[in-house]
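Hi there,

Here is the structure I promised to pass on to you. Have a look at it first, and then read my notes below.

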Amino acid sequence: MARARIDSSLMAYKLKNELDIEPIVHLTCRDRNLNASKALLLGLNIENTRNLIIVTGDPIPNAEKNEIKPVFNFNSRILAQYIKDLNEKLFTNSMMISSGLNVNARNFAIELEKAKNKELAGVEVFFTQVIASERSIKNLIWAKKELKSKIMGGIIPIISYRNAIFMNEEISGISIEKEIIEKYKGKSKEKSDKLAVEISLEFMKRIEDKVDGFYLITPFSRVDIIEEILKKYMNK
């Protein structure tokens, strides 16, 4: 969303060294030029942090453009190719290259062509945008037939009517089915929480044979909802 957070590489270092959790470092091409990205990759590699997800990056919000300038010196395909070259010529501990796949794109044929070019550049895993519509499932099936890489299905629990509206209208690449949005209308927090779990599980079950795994996005630090989803899915 083009907003400043703790640098992903520093957070990855902390997770790995303090908690022994294997991180996946999220890198955007918008915030660094190619030289800065090269330096970061070399640093990550010597720390044996080898799992990456690289995206070109969303535009800077209009309200902040006077203070913040995007870089866009390159895109995710170019960065993937560079990492692939490092894996072949320099690194003894190869880095796993992942990228994003927008299954909500209106012209998915173009998105799929981009994904195939990313594969040629070295991408081995795709993380989809949030799957919460019939179109996203249809495009996921299409992608599974066309791509050689592994695909991780993106799931985000929707926790309220307002949350559903905001994601559908304000967040680039996310599309929520209108029927799902309407289910939350007038619902209490308790009923919305229950819906969040039920709908997430429904989409997970519908796509489980079409993906190589899931990644769950925690909304507003609601770890309790993620825990409930995992518990019910694992005990199905």
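**Helix 1 and a buried serine**

Just after helix 1, D20 adopts a positive phi of about 55 degrees. Please keep in mind as you read that this is a predicted model.

Helix 1 itself covers residues 8-19. Its twelve residues, at 1.5 Å each, should span 16 Å, and the end C-alpha atoms are indeed 16 Å apart, so the two values agree. Looking down the axis of helix 1, you will find its buried residues within an arc of 60 degrees, which means that they line one face of the helix. Those buried residues include S9, A12 and K16. What lies over them? Among the elements that cover the buried residues of helix 1 are strand 1 (25-28) and helix 2 (34-46).

Now turn the model around. On the face of helix 1 that points away from its buried side, you will see the exposed residues L10, E18 and L19. L10 has a relative accessible area of 58%, and it counts as exposed because the cut-off is over 50%. Together with I6 and M11, L10 makes a nonpolar surface patch of about 310 Å².

One more residue is worth a look: S133, in the loop between strand 4 (125-130) and helix 5 (134-146). Is S133 buried or exposed? Its relative accessible area is 3%, so S133 is buried, the cut-off being under 20%. Setting aside neighbours within four places in sequence, S133 is in contact with N104, S175, E177 and F203.

Enjoy exploring!

Best wishes

Terms used. Residues numbered from 1 in each chain as written. Predicted model: local features only at pLDDT ≥ 70, side-chain atom pairs only at ≥ 80, totals over all residues. Heavy atoms only, no water. Patch = residues over 30% accessible without salt bridge, like charges linked within 9 Å, V, L, I, M, F, W, Y side chains within 5 Å. Areas by Shrake-Rupley, 256 points an atom, 1.4 Å probe, with all protein chains shown as cover. Salt bridge = Lys/Arg side-chain N within 4 Å of Asp/Glu carboxyl O. Helix = DSSP H or I, 4+ residues; strand = E, 2+ residues; numbered from the N terminus. Buried < 20%, exposed > 50% of the residue type's maximum accessible area, 1.4 Å probe, protein only. Expected span 1.5 Å × (residues − 1). Arc of directions from axis to C-beta. Contact = heavy atoms within 4.5 Å.
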